[in-house]
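Hi,

Here is the structure I promised to send over. Have a look at it first, and then read on for what I found in it.

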Amino acid sequence: MEPTPRSATISRRTAALALTASVAALTTATTGTSSATDSTDIDESARITMDRLNNYRPTPEEWRFHELQMAHAIRQAAANPRYPFGAVIVDGSGSLVAEGVNNGSAHPGFHGEVVAINDYVNRHGNSGWQHTTLYTTGEPCAMCIGMIAWAGIPRVVWASSVETIRNSGIGQISISAIELAARSHEVYQPEYLLGGVGAAVMDPVFRARPR
């Protein structure tokens, strides 16, 4: 075997050093960048949206209406005791127009909200979202809020929080639905996002779910 030319050895060493320097620079830049959950890096428009969403307070009558609609989502959740994520979509009159339950065993993206959105499209087509409200037994994750945002569903109501779901042993992406919605303000300006409706029912369900 012929010896490797010295120039080739130097070239490989130079390339390796350059790669190492590039990785080091990238690591330093990443370390110095705020995470997605660090609210200090939210722009002013997103901050205004987050404040507005956090300050939404339904009237007692509205809360009772939300509880009645959440009951439909809770019934859906009963179909999957291990992952009790049920969701429904209602129209402006409060009529049920779509429903779904987590089916992650069939597809990793089939969260309850996604299944309900797919059901809506199958029944009604990809229109009329502005008249709808989505109810779900668990706070929507990043994927689900993304789909909700692209659909333009203006009202979202959930029962159990991300933290409650995590404490039940189901891993979660550590960012709130409200912050995700606020960070989507360029494409999504919801009327309200509301958590805790039906939590008194769903929190124990998540805690006692089969493992």
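One spot to start with: right after helix α5, Gly152 has a positive phi of about 85°. Keep in mind that this is a predicted model.

Now go back into the helix itself. α5 spans residues 142-151, and its buried residues are Cys144, Ile145, Ile148, Ala149 and Ala151. They sit on the same side of α5, because the arc they cover around the axis is only 165°. That fits the usual helix pattern: with 3.6 residues a turn, residues three or four places apart point the same way.

So what lies over those buried residues? The cover includes two helices, α4 (112-124) and α7 (177-183), along with the strands β3 (133-138), β4 (155-160) and β5 (192-194).

Those strands belong to an open, mixed sheet of five, ordered β2-β1-β3-β4-β5. At its edges are β2 (96-101) and β5, each of which pairs on one side only. From one strand to the next, the twist averages 15°. If you want to check a pairing by eye, try β3 with β4: they run parallel and share five bridges. Gly138 is bridged to Ser160 in β4.

As for the whole chain, there are eight helices and five strands, in the order α-α-α-β-β-α-β-α-β-α-α-β-α from the N terminus. Of the 211 residues, 40% are buried. The accessible surface is about 11500 Å², with 57% of that belonging to carbon and sulfur atoms.

Cheers

How values were computed
Residues numbered from 1 in each chain as written. Predicted model: local features only at pLDDT ≥ 70, side-chain atom pairs only at ≥ 80, totals over all residues. Heavy atoms only, no water. Helix = DSSP H or I, 4+ residues; strand = E, 2+ residues; numbered from the N terminus. Buried < 20%, exposed > 50% of the residue type's maximum accessible area, 1.4 Å probe, protein only. Areas by Shrake-Rupley, 256 points an atom, 1.4 Å probe, with all protein chains shown as cover. Arc of directions from axis to C-beta. Contact = heavy atoms within 4.5 Å. Pairing = 2+ DSSP bridges. Axes fitted to C-alpha atoms, helices over the stretch in contact; angles between N-to-C directions.
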